[in-house]
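Let us walk through this structure step by step, beginning with a small detail and ending with the chain as a whole.

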Amino acid sequence: MKIENMISEKRSNCCGCESCANICPQNAISMVRDAEGFSYPKINQEKCIKCGRCDRVCPSLNAREVPVKILPQVLVAIHPDEKIRRHSASGGAFTALSELILNEGGIIFGAGFDEKWHVKHMAAENFDELENLRGSKYVQSQIGDIYKRVKSELETGRKVLFSGVPCQCAGLKNFLGKDYENLLTVGILCHGVPSPLIWESYIEWRGRGHEISRVNFRSKRFGWQNHHFEVNFKDCGYYAKSNTQDMYFQEFLLNLTLRPSCGSCKFKFPNLNCDVLLGDAWGIQKFAPEMFDDRGASIIVVNTNTGANYINQTKLVGKIVNMNALIHNVNFFIPAVEDERRPQFFNEIATTKLPINVMQKYYLQNPSPVSSANDKKSNAALVARLKELGLMK
């Protein structure tokens, strides 16, 4: 199969969306973790009937550059309910869209925590269940059989909202094979996805015998722009550190723990594969200063008429802004620049029984030179891409 050749020739081509495992009529494909903690498809040759469906739905094999004919509408928005905005990573746009679907008897699929604080895609059919899907999770989520469940719900005529990073949205769209009027796809503006193994090792170590009651990657306890990674415990208060001080978050931001495919991501603008894309309205002081209050704001990219229809029905308060506002979200346009220490980092992870020790070692290193080098490469790549798209002279 082409998928096998693609992975054997260049492993970084596989984004781990799991569309191949979901489409296989023989259940011949399983997702197997490698030494870095990322999952890749493995084909059971005794079950495989060579139907080629896996090759046809693979978004990486079938990725095509979408021509930019009309620029999408871009909005900055906030949820009018201050409690919802306070407990959202950005401005509450995901919750506003989910409210519409749930109020019409629909179902939401998105990334949530299981009982061990591992990140998986799961369903929410009411507002209590939705709580677990809200907020950012900086880990590659396990899709499981969610694409099959989405299709099953759509076939009944029920309204469905699917939320995921753009490669997961592409995986779902390819799996479905056709458009559904009752489907709303919500993409999450993606920096890159860290290894589940790294996350699981970290959160187990962070608990260290204490029962965790809540994990919040983007706590606004100290403000939206000074967001902290926070873990609450049932018996001993909470842990909170800024994203530059927390070990897990720092290594994520340095692109040290990302999936190999993130460095050559094929799902940046304009290949977004979703009805709307949500992110943080970074730089809001420049393009919508009247809306800035450090309690969080969302930037929304409306890609389809379906997306526009749903956005117009929400309670969100906002305004249309120029597409240049997205320059403050570099990874809307370009892939993450891989940290040069990444190969050595994961080589050490693969040869230890305690990944947390390797994480601590790299956390104690001074990241400034690496961060500076990555920023320069990223800025150069951004300028080149904007010129290529005709958005900069």
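Two strands are said to pair if DSSP finds at least two bridges between them. In this predicted model, that condition is met by strand S9, residues 228-233, and strand S10, residues 238-242, which run antiparallel to each other and are joined over 5 bridges. Within this pair, Val231 has Tyr239 of S10 standing opposite. The two strands form a hairpin with 4 residues between them, and in this hairpin Gly237 adopts a positive phi near 75 degrees.

From the hairpin we can turn to a helix. In helix H12, which covers residues 305-313, the residues Gly307, Tyr310 and Ile311 are buried. Looking down the axis of H12, one finds its buried residues within an arc of 100 degrees, and therefore they line one face of the helix. The face turned away from that buried side carries Asn305 and Asn312, which are exposed. As for what covers the buried residues of H12, the cover includes helix H5 (93-103) together with the strands S3 (73-78), S7 (183-188), S11 (276-280) and S12 (298-302).

Finally, consider the whole chain, whose secondary structure comes to 15 helices and 13 strands. Its radius of gyration is 20 Å, close to the 21 Å that the globule rule gives for 393 residues, so the chain is as compact as a globular protein of that length. Buried residues account for 55% of the 393 residues, and, among contacts between residues at least 6 apart in sequence, 70% join residues that are at least 24 apart. The accessible surface of the chain is about 17800 Å², and 48% of this surface belongs to carbon and sulfur atoms.

Terms used: Residues are numbered from 1 along each chain as its sequence is written. This is a predicted model: local features need pLDDT of at least 70, side-chain atom pairs count only at pLDDT 80 or more; totals for chains, interfaces and linings use all residues. Side-chain values use heavy atoms; hydrogens and water are left out. Buried means under 20% relative accessible area, exposed over 50%, partly exposed in between (1.4 Å probe, protein chains only). The arc is that of the directions from the helix axis to the C-beta atoms. Contact means heavy atoms within 4.5 Å. The radius of gyration is taken over C-alpha atoms; the globule rule is 2.2 Å times the number of residues to the power 0.38. Accessible areas come from the Shrake-Rupley method with a 1.4 Å probe; for residues, only the protein chains shown count as cover.
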